[in-house]
Amino acid sequence: MSQKNRLRSGGRIDRSKQFSFRFNNRQYQGYQGDTIASALLANGVSILGRSFKYSRVRGIVASGAEEPNAVLQIGSHPATQVPNVRATQQSLYDGLVCRSTNGWPSVDTDIMGIIGKVGGKMMPPGFYYKTFMFPQSMWKTYEKFIRKAAGLGAAPEEHDPDKYDKMNQHCDLLVVGAGPAGLVAALTAARSGARVILADEQNEFGGHLLDTQQQLDGKPASEWVANVVAELATYPEVTLLSYATVNGYHDQNFLTIHQQLTDHLGETGNGQIRARLHRVRARWVVLATGAHERPLVFSNNDLPGCMLPSAISAYINRYAVTPGQKLVLMTTNDDAYQCALDWHGSGREVVAIVDTRANPQGTLIEKAHQQGIRIITGSAVIEAKGSKCIDGVWVSSIDAKGEQLTGRAKFLTCDTVASSGGWSPVVHLSCHTGCLPVWNDEVIGFLPGKTQQNQLTAGGINGTYSLKEVLLEGAQAAQQALTDLGLSHEAIELPKTENIVSGQPMALFHIPHTKPTSRAPKQFVDLQNDVTAAAIELAVREGFEAIEHVKRYTALGFGTDQGKLGNINGMAIAAKAQGKTIPETGTTVFRPNYTPVTFGAVVGRDCGELFDPKRLTAMHRWHEAHGAKFEDVGQWKRPWYYPKGGESMRDATNRECQAARNGVAILDASTLGKIDIQGKDAREFISRIYTNAWAKLGVGKCRYGLMCHEDGMVFDDGVTSCLGENHFLMTTTTGGAAGVLEWLELYHQTEWPELEVYFTSVTDQWATLTLSGPKSRQLLSELTDMDLSHENFSFMSWQQGVIAGVPARIFRISFTGELSFEINVQANYGMYLWEKLFEHGAKYDLTPYGTETMHILRAEKGFVITGQDTDGTVTPHDLGMSWCVSNAKPFSYVGKRGMMREDNQRAARKQLVGLKTRDPQVILPEGAQAVKDPKQPLPMTMLGHVSSSYWSHTLGRSIALGFIRGGHDRSGETVYYPLADGRVIEAEICSPIFFDPKGERQNV
């Protein structure tokens, strides 16, 4: 197929390198330097997809990251495919295969397209909330079709053979955007010797200078760009990143850059590094991100052929493609006139320029007059006509405010419509750190608000569009950063630019129609999500006044383009519907990511074994050598039990329990989470996090504590020891260690940043060996000269000492209910001390025990395991642990208000109890449901469930812990547990403490 829209000359493509590619199973040709979008436009392809909601035909609108429609599935192999890639950002390569993400049986003939003709009435905003509620029996049918219709691209079906990686970098100055402002900023900093990173999402540096015929110093702007880039490449402290999108801007000038390394080279699947995530800490950041041109909202403005003027200029000047034959341009500003001049210069017909202003004046307008281009002032395109492409437009005169039509509409024949409502500064990154953008009436857009970061802005992001001023702002931003950095710098000589005089733009967003908005042909605001002006007005009428609510109700700004083109138009329409200004209506806040980032790039090499590594304790080799069976707990390989001579698990645990109760046994407890907490406010912080009191805990003492979420539900527990007045060691459950550390950091950073406190995970740094049993003191005394007597070393205290020549912290803590010593040594000494203990412990028959025995021993004592005996719905009071809650603390602890909710105060809540089966030999299955009457017809009334259940060798019977409604007051009652096999197990409710209820054994 010939490239009918390709110009014979011009552009930045290499005509000597022709590529073949496939789109929707058809073969096309393009050149090196093309994007998929430019190549398809060159081949005359106008329909690239179907819209998400109404399945209307859609074509290319833009030329960059703001493109809402041309979202494709790239790749020929299930393993290397990538969904939702913008055709405007994917460089062409030979053999590329791509297809539309929507449209069945084809994008040209889509059965769902009938919805697009009547969709406004069938699917108004929130229709899914209102429509698919009744009848309830039909929900499974609804869900099937909704899921089939939802989504854009398809996830790869096979393992990705490529690799992804991450790189940590530091720099003095990170410049985001390599347009004119960014290039000048980078060059100024580079000449001072600063460490500079320059990142741009395009394949070439230069920004919009590559899309125009502007001149600098009397030469094509591209020559100036090439010279600057060449000079930057000579500086060893300068890093140039192309195909690199700064997708996230975080606190303390931490930014993430998603760089595509091979997507422009082909689909190799040979294990190459496909993408890299740069994690950059910058001393200063210059945002030179430019601005996106904003389309106008008018009827049928979604037809293929409706484009942005700046995009048309880019396709003509950069890719040598004129995407049509006859152009009508509608604009509210002078800048868009350049599109008509470029179109005219390519040899195609400009039917008319329709300017909404009554008397526009400026350099570009004068040039249009000189070229004999028809200009219709004080008017607007009110409607585009056509089925699958544009046949023409209706144009009507409008009043000075652009709110009413003032004349009869005229029809103009054309196949392309360009509309410009001005420019929207790209403030996205500045918003990522919580900086709210500020509306500016002169710019007719949002500008970056006040920031706490070392951040500067230059160029289009400031609403500065004059090339001369853009260059100047870039230089000044770099100079300001260099001054703060203490680096000497000189004023850079800026290139001379053409003096272009521009008139005042008109603030207009939504073009009126002869019919009311709700009755006029659809006027699209968000092209990707099919959000119309009528939908926004309806949302306001239904009570959604806050723009964030309007956004969520209508889906405005959702999707892969994140409202780059539609958000401001949507805000303006919502504001007008409420009789407010845009600042009064408010703004949505952009969040990372700026454009989509593949999961592969986010994960990097942290996948497979590196994502879920096997964590081994210092004594792991000993456990393996002595036949331990292992279980996975929070990534750790923990000894489960140690079978001897063909023992069953029950036989092994019986033996291990007997050793712990009657002799001495040892547990590798190194996996317990350990968090070192320091700072002058450490004690106060701990008091706020735990439910019980900590103000008077003395140095050398330990205390058990519970942590709750805001709803009052227990999520972790552990013992925290006071190592010094402002120094504590917190232990957590093995599986909860990472979550607890994250929880502490979250509350410190977001709720109590005024507290001086620091957290360090030291789980891996300490090996923990726990001796339990009546003979544990006797054994340990052989390896230390410490006084281990109860009078000198009481329960719930700790001491520093030396054991077998190794410095250690010894804690009198017990999770078995027996006399116990928890020994912490530097991890490298763990194996040595473990073997020393067994060397001296042979005479005492020292026995290793695993997690299963630990669970049995603790269950006999009624000690809970969070995550097993708690499930996110259990308060301390439900556990019978009200003693661990203090309401007398001066500062409320996390979860206090949640516990006070009415539902959490009910007497009939499920509460922890002990359970004894009538037949002592029968073991209750964990998870079994309790009922009062096993003969009750289904569905039975459930009273609770079993959370832990074991055979107790010590007691000679089965025991269980579980939850029963109002269980604390039902001791002695009988409950029943119907099982799936038809059996019913009878059990008596009892105390959860089955053994040594007074705790005498651990206090000796």
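Student: Strands here are DSSP runs of E, at least two residues each, numbered from the N terminus. With that in hand, where is Gly95 found?

Tutor: Gly95 is in the loop that runs between strand 6 (82-86) and strand 7 (97-100). Keep in mind that this is a predicted model.

Student: Is Gly95 buried, exposed or partly exposed?

Tutor: Partly exposed, because its relative accessible area is 45%, and the partly exposed class sits between the 20% and 50% cut-offs.

Student: And how far apart are Gly95 and Thr598 in space?

Tutor: Their C-alpha atoms are 22 Å apart, with the two positions 503 residues apart in sequence.

Student: Changing topic: what order do the strands take in the open sheet?

Tutor: The order is 17-24-18-19-20, so to speak from one edge to the other, with 5 strands and parallel pairing. Strand 17 (306-307) and strand 20 (375-377) are the edge strands; each has a single partner strand, so one side of each has no neighbour in the sheet.

Student: How many bridges pair strand 19 with strand 20?

Tutor: There are 3 bridges, in the parallel sense, and strand 19 covers residues 349-355. Within that region, Asp355 stands opposite Thr377 of strand 20.

Student: OK, salt bridges. How many does the structure hold?

Tutor: It holds 40. One of them joins the side chains of Arg12 and Glu204, at 2.6 Å from N to O.

Student: Why does that pair tie together parts that are apart in sequence?

Tutor: Arg12 belongs to the segment before strand 1 (14-23), while Glu204 is in the loop between strand 9 (196-199) and strand 10 (215-216), so the bridge connects parts 192 residues apart in sequence. Arg12 is partly exposed at 35% relative accessible area, and Glu204 is also classed as partly exposed, at 24%.

Student: Which residues are linked with them in a network?

Tutor: Asp211 and Arg318 join Arg12 and Glu204 in a network of salt bridges.

Student: What about Glu973, which residue does Lys932 bridge to it from, and how far apart are the closest N and O atoms?

Tutor: The Lys932–Glu973 salt bridge has its closest N and O atoms 3.8 Å apart. Lys932 is in the loop between strand 45 (929-931) and strand 46 (942-952), and Glu973 is in the loop between strand 47 (957-965) and strand 48 (974-978), so that distant parts of the chain, 41 residues apart, are linked. Glu973 also meets Arg970 in a salt bridge, at 2.9 Å from N to O.

Student: Of these three, start with Arg970: buried or exposed?

Tutor: Arg970 is buried, because its relative accessibility is 16%, below the 20% cut-off. Lys932 is partly exposed at 46%, and Glu973 is partly exposed at 27%.

Student: Last one, Asp526. Which side chain of opposite charge is nearest?

Tutor: Arg58, at 7.1 Å, and Asp526 is buried without a salt bridge. The cut-off for a salt bridge is 4 Å, N to O. Asp526 lies in strand 29 (residues 524-526).

Student: What lies 2.8 Å from a polar atom of its side chain?

Tutor: The backbone nitrogen of Gly557 is 2.8 Å from a polar atom of the Asp526 side chain. Leaving aside neighbours within four places in sequence, Asp526 is in contact with Val531, Ala555, Leu556, Gly557 and Phe558.

Notes
Residues numbered from 1 in each chain as written. Predicted model: local features only at pLDDT ≥ 70, side-chain atom pairs only at ≥ 80, totals over all residues. Heavy atoms only, no water. Pairing = 2+ DSSP bridges. Helix = DSSP H or I, 4+ residues; strand = E, 2+ residues; numbered from the N terminus. Buried < 20%, exposed > 50% of the residue type's maximum accessible area, 1.4 Å probe, protein only. Lys, Arg positive; Asp, Glu negative; His and termini not counted. Polar contact = N/O pair within 3.5 Å; in protein donor to acceptor, adjacent residues only side chain to side chain. Contact = heavy atoms within 4.5 Å.
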